[in-house]
Amino acid sequence: MTELIKTPRTGETLPVKAGKRTNPLANVFDELVRFAQSRSLFMLHYCTGCGAIELPPSMTSRFDMERLGIQPMVSPRQADILLVTGYVSVKTLKRIILTYEQMGSPKYVIGICSCTVNGGMYWQSYATAKKLNDYMPVDIYIAGCMPRPEAVIAGLRELMENIRQGKADSWKDYYRHYDHYLGHQQRLFGETWQTPTDVIAEARHYGLFGPDTLGTHTALLEQHQRPLEALEMKVDIPELMARR
Ligand code: SF4
């Protein structure tokens, strides 16, 4: 496939053919980058259910997750992995989606516990979301009620291997099929649901805008979207001085 690319300096339009990188050195460099990426992962653990109790032993001395190059991170902006550790209530799911959208790409999601796979023992609960991958792409599921630290480590190792081989690209699905994910989110939260992230602009930015990025659900979003208000912080100096 030939694409037309505008050169930044002269503004000239040139045809560029997409193809495999043939320079062996470039391929070695790509492999090195992927290897480094797979061995330096920041993990945001979103402790939603009882499965979270398996994380302290996975992180500390006996199983020692850090020996794999994986370390906990408190901010979504710096995190690579989002770990969802059990059943997800409808209210919590909103926060998980906000967190996921705030993470920089490439990003990976791991669902721990059977509850993230199919709702588990909360299958009939009115307040619980059943399948996490209806709302965001999930890279690895670690099933069990609850899975032991060995299983958690095995799941993480599998993700690392997928990253090293360049196969862990489910995050691209969120951009390519945004309308599908947004549709599931709207079914649960109502058609006025919106997040502060402009996913469609991000899809364009990453070159992942596809025929399924937009659809009936993004049209609904456009219809209801409210402009985001800037946060304002007012400091009343005289009042502060009076308090001292
Ligand atoms: S699978 Fe079991 S341990 Fe995990 S969150 Fe569900 S009920 Fe709790």
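A residue counts as buried if 20 or more other C-beta atoms lie within 10 Å of its own, as exposed if there are 12 or fewer, and as partly exposed in between. The exercises below apply this cut-off, among other things, to a predicted model.

**Exercise 1. Classify D64, R77, M160 and C113 as buried, exposed or partly exposed, and locate each of them.**

Step 1. D64 has 14 C-beta neighbours inside 10 Å, and because this count falls between the two limits, D64 is partly exposed. Its place is in the loop between α2 (55-59) and β4.

Step 2. R77, in the loop between β4 and β5, has 10 other C-beta atoms within 10 Å and is therefore exposed. R77 nevertheless has contacts beyond four places in sequence, namely with Q102 and G104, and its C-alpha atom is separated by 9.5 Å from that of E101, 24 residues apart along the chain.

Step 3. M160 belongs to helix α5 and, with 21 C-beta neighbours inside 10 Å, counts as buried. Leaving out residues up to four places away in sequence, M160 touches S38 and L68, while its C-alpha atom is separated by 7.1 Å from that of R39, 121 residues apart along the chain.

Step 4. C113 is in the loop between β7 and α4 (114-118), and its 25 C-beta neighbours inside 10 Å place it among the buried residues.

Step 5. For the protein chain of 244 residues as a whole, 28% count as buried.

**Exercise 2. Work out which strands pair with β3 and in what sense, and then follow the pairing on to β7.**

Step 1. Strand β3 (residues 41-46) pairs with strand β4 (residues 70-72) in the parallel sense over three bridges, and within this pairing F42 has Q71 as its bridge partner.

Step 2. Strand β3 is also joined to strand β5 (residues 81-84), again in parallel, by four bridges; here M43 stands opposite I81, and H45 has L83 as its bridge partner.

Step 3. From β5 the pairing continues to β7, in the parallel sense and over four bridges, with L83 standing opposite I110.

Step 4. Strand β3 is largely enclosed by the rest of the structure, because five of its six residues are buried.

Step 5. In a regular strand the side chains alternate between the two faces of the sheet. For β5, I81 and L83 lie on one side and L82 and V84 on the other, and since all of these are buried, both faces are covered.

**Exercise 3. Determine which elements and domains contribute to the largest nonpolar core.**

Step 1. The largest nonpolar core has 46 residues, and those with the most contacts inside it are I81, L82, L83, I110 and M136.

Step 2. Two or more residues each are given to this core by β3, β5, α3 (90-102), β7 (108-112), β9 (140-142), α5 (149-164), α6 (171-176) and α7 (178-189). The largest share, five residues, comes from α5.

Step 3. Domain 1 (41-168) and domain 2 (170-226) each supply at least three residues to this core.

Step 4. L82 serves as a worked case: not counting residues up to four places away in sequence, L82 touches L44, Y46, T99, Y100, M103, K107 and V109. In the protein chain, 78% of the contacts with a separation of 6 or more are between residues 24 or more positions apart.

**Exercise 4. Describe the shell around the ligand, and identify the backbone exceptions at C113, M146, P106 and D64.**

Step 1. The ligand is surrounded by G49, C50, G51, G86, Y87, C113, S114, C115, G120, M121, C145 and M146. By class, the shell divides into seven nonpolar residues, five polar residues and no charged ones.

Step 2. Most residues other than glycine have a negative phi, and most peptide bonds are trans.

Step 3. C113 departs from the usual sign of phi, with a positive value near 90°. In the same shell, C145 and M146 are joined by a cis peptide bond, with omega about -5°, and M146 lies in the loop between β9 and α5.

Step 4. A cis peptide bond also joins S105 and P106, with omega about 0°; P106 lies in the loop between α3 and β7. Finally, D64, classified above as partly exposed, has a positive phi near 50°.

How values were computed
Residues are numbered from 1 along each chain as its sequence is written. This is a predicted model: local features need pLDDT of at least 70, side-chain atom pairs count only at pLDDT 80 or more; totals for chains, interfaces and linings use all residues. A residue is near a molecule or strand if its C-beta atom, placed from the backbone, lies within 6 Å of it. Ala, Val, Leu, Ile, Met, Phe, Trp, Tyr, Cys and Pro count as nonpolar, Asp, Glu, Lys and Arg as charged, and the others, Gly among them, as polar. Two strands pair if DSSP finds at least two bridges between them. A nonpolar core is a set of buried Ala, Val, Leu, Ile, Met, Phe, Trp, Tyr and Cys residues joined through C-beta atoms within 7 Å. Domain bounds come from an automatic or database domain assignment. Two residues are in contact if their C-beta atoms, placed from the backbone, lie within 7 Å.
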